[in-house]
Amino acid sequence: MAGARRERAAVLCGLAGWVPPRIVTNDELSQRLDTSDAWIRTRTGIGQRHFADPGQATSDLAVEAGRRALAAADLPAPQGGPTAGLTEDRPVDAVVVATTTPDRSCPATAPLVAHRLGLTGVAALDVSAVCTGFVYGRAAAAGLITAGAASRVLLIGADTYSTIVDPDDRANAIIFGDGAGAVVLRAGYADEPGAVGHFDLGSDGAEEELIMVAAGGSRQRSLPGEPSRAERHFAMQGKAVFRHAITRMTASARASLTAADWKVDDVDHFVPHQANQRILRAVADDLGLPLERCISHVESVGNTGAASIPLALADAAAGNVIQPGDRVLLSAFGGGLTWGSCVLRWPALPSPTPSAPAAAQPVSVSEGGPHAS
Ligand code: UT7
C-alpha cells in the first residue's frame with residue numbers, strides 16, 4: 001500500500017544580508033534636522049542607519065545580498081527531474097525581488113539582478129508590497145515552487161529608502177535605512193525543517209493614502225503640470241500607520257499561528273518587520289510573547305523596508321541567536337495597506353556572515369529599550 005503523499009513546500013536553504021557601508025548616526029541627522037538622538041531613540045529605538053552612496057541603486061544592494069545567499073546556500077547537486085535545467089553556475093531557476101524602490105518604474109529590477117548574478121534566462125519578477133514585500137515575496141516564491149514553475153528561487157528583499165525620503169522631512173528621514181536581505185528556497189516537503197508555510201496575507205486599499213509616493217505613476221503622469229517636491233517624496237501618516245501596524249501584525253501573526261496549529265508559547269523567535277521598537281514591543285505584548293523572543297536590530301539599521309525581515313534573520317543566524325529546530329514566526333506590515341505572516345521551523349544552515357561587521361548585531365526587545373543579546 002502506498003504511504004501518505006508528502007505535501008510539497010518551499011524550503012529555506014540559504015540566507016544572507018548586506019547593508020551599504022555608509023553609516024548615518026542620529027547625531028549626524030540632528031546636525032541638519034530639528035531632532036535629537038534622544039528623541040529618535042525614545043520614539044523609535046533607532047540609533048543609526050545605513051545609506052547607499054549617490055548613484056547606488058536597489059539592484060546594487062540586491063546583487064550583493066543575492067550573491068552572498070547563493071554562495072552560502074546548502075544546495076544538493078541538481079539530480080535531473082525538476083532540477084534538470086540547473087547547474088552549479090545556474091543554481092536557481094527564478095529570482096524574485098521585493099522592493100518599494102525599484103531601479104526604474106519600468107522594467108522590473110529582478111531581471112537585471114538575475115543577469116548581474118550570472119542568471120540570465122531565469123524567471124525574474126518584482127513584488128511590490130512595501131514593507132510586507134518580503135513575506136509576500138516568500139508566498140510568491142513558494143507558489144512558484146509548489147506549482148512546479150521553479151525548483152529553486154532566490155528571493156531578495158531590497159530597498160533604498162534614502163532615494164525616496166525627503167532628507168528634510170524629519171518625521172521620515174530618521175526612520176528609514178537602506179539594505180538588502182536574501183534567501184534561497186528549494187523544492188522540498190512541508191514536514192522538513194525550513195519549510196515555509198501557513199501564510200496569512202491581507203490588504204486594505206481604502207487606506208492607501210497613509211503611505212505613498214504620490215507622483216511617478218500613471219495617476220500623476222496623465223495629469224498636466226509638474227509634481228511638487230512633496231508629491232515626489234515618500235509620505236507617511238505616522239500616527240495612523242503606527243496603530244495599524246500593531247493591530248494588523250498582531251492579528252496576522254495570530255492567524256498564521258492558528259493555521260500552523262502552534263500556540264504562542266511554541267514560538268521560539270518572533271521576527272516582525274523592523275518598523276519601530278515601540279511597535280515591535282506592542283505587538284509582542286499583544287501576542288503575549290516574552291520580549292526576549294522578539295528579534296530586532298532596528299537600533300543598528302532602522303527600518304529597511306522589504307529588507308528588514310531577511311536582514312534581521314541573517315544577523316540573528318550569524319549571531320547564533322536562532323538554532324536549528326527553533327520555531328520562527330515572521331510578520332510584516334506596510335503600505336497598501338498590506339500585511340502578512342508565515343512560520344517555519346529553522347533548518348541547519350551554513351552560518352551567514354553578518355550583513356555589516358560592526359553594525360547589524362541582533363538585539364532583542366526589552367522593556368528598557370533595545371539591548372545586545
Ligand atoms: O514601515 C512601514 C511602517 N511604518 C511604521 O510603522 C512607522 C509608524 N510610525 C512611527 O513609527 C511613528 O509614528 C513616528 C516615529 C513616525 C513618529 O512618532 P510619534 O511618537 O508617533 O510622534 P508624532 O508623529 O506624534 O509626533 C510627536 C511630536 C510632534 O510635535 P508636536 O506636534 O507634538 O509639537 C512632531 O512634530 O514629535 C514631533 N516630531 C519630531 N520631533 C523631533 C516628529 N518627528 C520628529 C523628529 N524629531 N524626528
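What follows is a chat between a biologist and a modeller about the structure above.

Biologist: Before we start, what kind of model is this?

Modeller: This is a predicted model, in which local features need pLDDT of at least 70 and side-chain atom pairs count only at pLDDT 80 or more, while totals for chains, interfaces and linings use all residues. Residues are numbered from 1 along each chain as its sequence is written, and side-chain values use heavy atoms, with hydrogens and water left out.

Biologist: Okay, how many strands are in the sheet, and in what order?

Modeller: Nine strands make an open sheet with mixed pairing, in the order 5-4-6-7-1-8-14-13-11. Strands here are DSSP runs of E with at least two residues, helices are runs of H or I with at least four, and both are numbered from the N terminus; two strands pair if DSSP finds at least two bridges between them.

Biologist: Which strands stand at the edges?

Modeller: Strand 5 (123-127) and strand 11 (269-272) do, and each has a single partner strand, so one side of each is left without a neighbour in the sheet. From one strand to the next, the twist averages 25°, where axes are lines fitted to C-alpha atoms, for helices over the stretch in contact, and angles run from 0 to 180 degrees between N-to-C directions.

Biologist: And how do strands 4 and 6 pair?

Modeller: Strand 4 (residues 94-98) pairs with strand 6 (residues 152-160) in the parallel sense, over five bridges, and the bridge partner of V96 in strand 6 is L155.

Biologist: What does helix 9 touch?

Modeller: Helix 9 (residues 238-260) packs on the sheet and touches strand 8, strand 11, strand 13 and strand 14, with contact meaning heavy atoms within 4.5 Å. The direction of helix 9 makes about 145° with that of strand 13.

Biologist: Back to strand 11, then: which residues cover its two faces?

Modeller: H269 and V271 lie on one side, F270 and P272 on the other, and all of them are buried, where buried means under 20% relative accessible area, exposed over 50% and partly exposed in between, with a 1.4 Å probe and protein chains only. Strand 11 pairs with strand 13 in the parallel sense over four bridges, and F270 stands opposite L329 in strand 13.

Biologist: Changing topic, how many aromatic pairs are there?

Modeller: The count comes to three, taking rings of Phe, Tyr and Trp (its six-membered ring) as a pair if their centres lie within 6.5 Å, with planes under 30 degrees apart called stacked, over 60 edge-to-face and the rest tilted. Y161 and F176 form a stacked pair, 4.4 Å centre to centre with 20° between the planes.

Biologist: What about F176 and F234?

Modeller: Their ring centres are 5.0 Å apart and their planes are at 70°, so that pair is edge-to-face. F176 lies in the loop between helix 6 and strand 7 and F234 in strand 10 (residues 234-236), so the pair ties together parts that are 58 residues apart in sequence. Ring pairs link Y161, F176 and F234 into a cluster.

Biologist: Are those two phenylalanines buried or exposed?

Modeller: F176 is buried, with a relative accessible area of 3%, and F234 is buried as well, at 5%.

Biologist: Last one, what surrounds the ligand?

Modeller: The ligand is surrounded by 21 residues, and the closest are T35, R43, K239, N276 and N303. A polar side-chain atom of T35 lies 2.6 Å from a nitrogen atom of the ligand, while polar side-chain atoms of H273 and N303 lie 2.9 Å and 2.7 Å from an oxygen atom of the ligand.

Methods:
Near = heavy atom within 4 Å. Polar contact = N/O pair within 3.5 Å; in protein donor to acceptor, adjacent residues only side chain to side chain.
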